[in-house]
Amino acid sequence: MRLRHIEVIHALVQTGHLGTAAEWLQLPVTEVEGILREAEGQLGFMLFSSVRGRLQATREARELEAQITHVYEALEPVQRLAASLKQYQAPPLRIICTPPLAQQLLPQSIAALRRRLPDAPCSLLSQPTREIIKSLLLRESDLGLSLHDPDHADIHCQVIAQGKLQLLAPHGWLQPKQKYISLQDLAGQSMVGLEGHDPLSRALENKLQALRPAPVVHIRVQTHQMMRSMVEAGEGLAIVDPFTALGAKTGGLDVCPLAPAVPVSLYALTLKNGEPAAAVQALLDIVTEQAAAMLAN
């Protein structure tokens, strides 16, 4: 099958009419009909039957359409790149970060970059660190931001900000003006756990399980943002990164750091042996400044 066959089949499935499909494709009706007959001849089976003046897709056409949809989804990045090249003469800045950063830090930073470079297109994805590494290695992203050091031979990892792990608790759980909480104070408490395998999560989990009595964990979730939501739902306490804690404090939860402090670093990830583009460096400068301001507060 040629791409033209796929376009015609897709248009006919969507419209059910030769004339409408021809308008959609900006082709003469006779040409659309000819392409359809050619496709059916190559495939060896009918794709459409006429029912009360409309073209009804056969079972085979419906099965093909399910896969054709994937083809169109795969073409979307190509179409976006082509549009950006036409409009800006430059591809979009592709940023990928872990979920906590997508909620608080990155939206403000990208908005600041757009004010500085209004013609610079951007795309932002949120993924776990392992997917960030994969995206960078496949050159699907230009910049990754994570709270974990991936320690990968082909990835340049730079610390651009540092903060501390924070306790989230229902409003009123902490004492007024309480500045910190010790891990021992969490002994026997009901807590929300994290389904994570990064070194920081494992180290914290080991410290909590060493308490006597150990905290009671009935629920485990995938992200710190989900942990915050469970605390808001009254399912116990949680220990989260400082960026998630910022939003939680604004939302009315009690927030304070652990003592002794458990540091958290914000890492900028790029491919080694590559010079960052000007837009990437500009965004890095903004993210560094925004992160420092957020963590200072």
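In this predicted model, Glu-40 is buried, as its relative accessible area of 11% falls below the 20% limit. The partner of Glu-40 in a salt bridge is Arg-37, with 2.9 Å between the closest N and O atoms. Both residues belong to helix α3, which spans residues 29-43. Their positions are three residues apart, about one turn of the helix. Unlike the buried Glu-40, Arg-37 is partly exposed, with a relative accessibility of 44%. This salt bridge therefore pairs a partly exposed arginine with a buried glutamate.

In total, the structure contains nine salt bridges. In general, side chains of opposite charge can pair when their charged atoms come close. A further salt bridge links Arg-59 to Glu-60, where the closest N and O atoms are 3.3 Å apart. Arg-59 counts as partly exposed because its relative accessible area is 48%, and Glu-60 is likewise partly exposed at 27%. The side chains of Asp-142 and Arg-94 also form a salt bridge, with an N to O distance of 2.8 Å. Asp-142 is located in the loop between α7 (129-137) and β5 (143-146), whereas Arg-94 is part of strand β3 (residues 93-97), so this pair ties together parts that are 48 residues apart in sequence. Asp-142 is partly exposed, with a relative accessibility of 26%, and for Arg-94 the value is also 26%, which again counts as partly exposed. In addition, Arg-59, Glu-60 and Glu-63 are joined into one network by salt bridges that share partners.

The protein chain is divided into three parts: domain 1 (3-86), domain 2 (93-162 + 265-296) and domain 3 (166-261). The centres of domain 2 and domain 3, taken over C-alpha atoms, are separated by 26 Å. To the contact between these domains, domain 2 contributes 12 residues and domain 3 contributes 10 residues.

The largest nonpolar core comprises 44 residues. The residues with the most contacts inside this core are Leu-101, Leu-105, Leu-145, Leu-186, Ile-239, Leu-258 and Leu-266. Helix α11 (residues 278-296) supplies the largest share of the core, eight residues. Because domain 2 (93-162 + 265-296) and domain 3 (166-261) both give residues to this core, it lies between them. Leu-186 illustrates the packing: when residues up to four places away in sequence are not counted, Leu-186 touches Leu-167, Ile-181, Met-191, Leu-208, Leu-211, Pro-215, Leu-237, Ile-239 and Leu-258. Apart from the largest core lies another core, of 20 residues, including Val-8, Ala-39, Leu-55 and Ala-61.

Nonpolar side chains also occur at the surface, where Leu-3, Val-71, Leu-75 and Val-78 make a nonpolar patch of about 310 Å². The most is given to this patch by helix α4 (residues 59-88), with three residues. Leu-75 is located in helix α4 and is partly exposed, with a relative accessibility of 31%. This value exceeds the 30% relative accessible area that residues of a patch must pass.

Conventions: Residues numbered from 1 in each chain as written. Predicted model: local features only at pLDDT ≥ 70, side-chain atom pairs only at ≥ 80, totals over all residues. Heavy atoms only, no water. Core = buried A, V, L, I, M, F, W, Y, C linked by side-chain atoms within 4.5 Å. Buried < 20%, exposed > 50% of the residue type's maximum accessible area, 1.4 Å probe, protein only. Helix = DSSP H or I, 4+ residues; strand = E, 2+ residues; numbered from the N terminus. Domains from an automatic or database assignment. Contact = heavy atoms within 4.5 Å. Patch = residues over 30% accessible without salt bridge, like charges linked within 9 Å, V, L, I, M, F, W, Y side chains within 5 Å. Areas by Shrake-Rupley, 256 points an atom, 1.4 Å probe, with all protein chains shown as cover. Salt bridge = Lys/Arg side-chain N within 4 Å of Asp/Glu carboxyl O.
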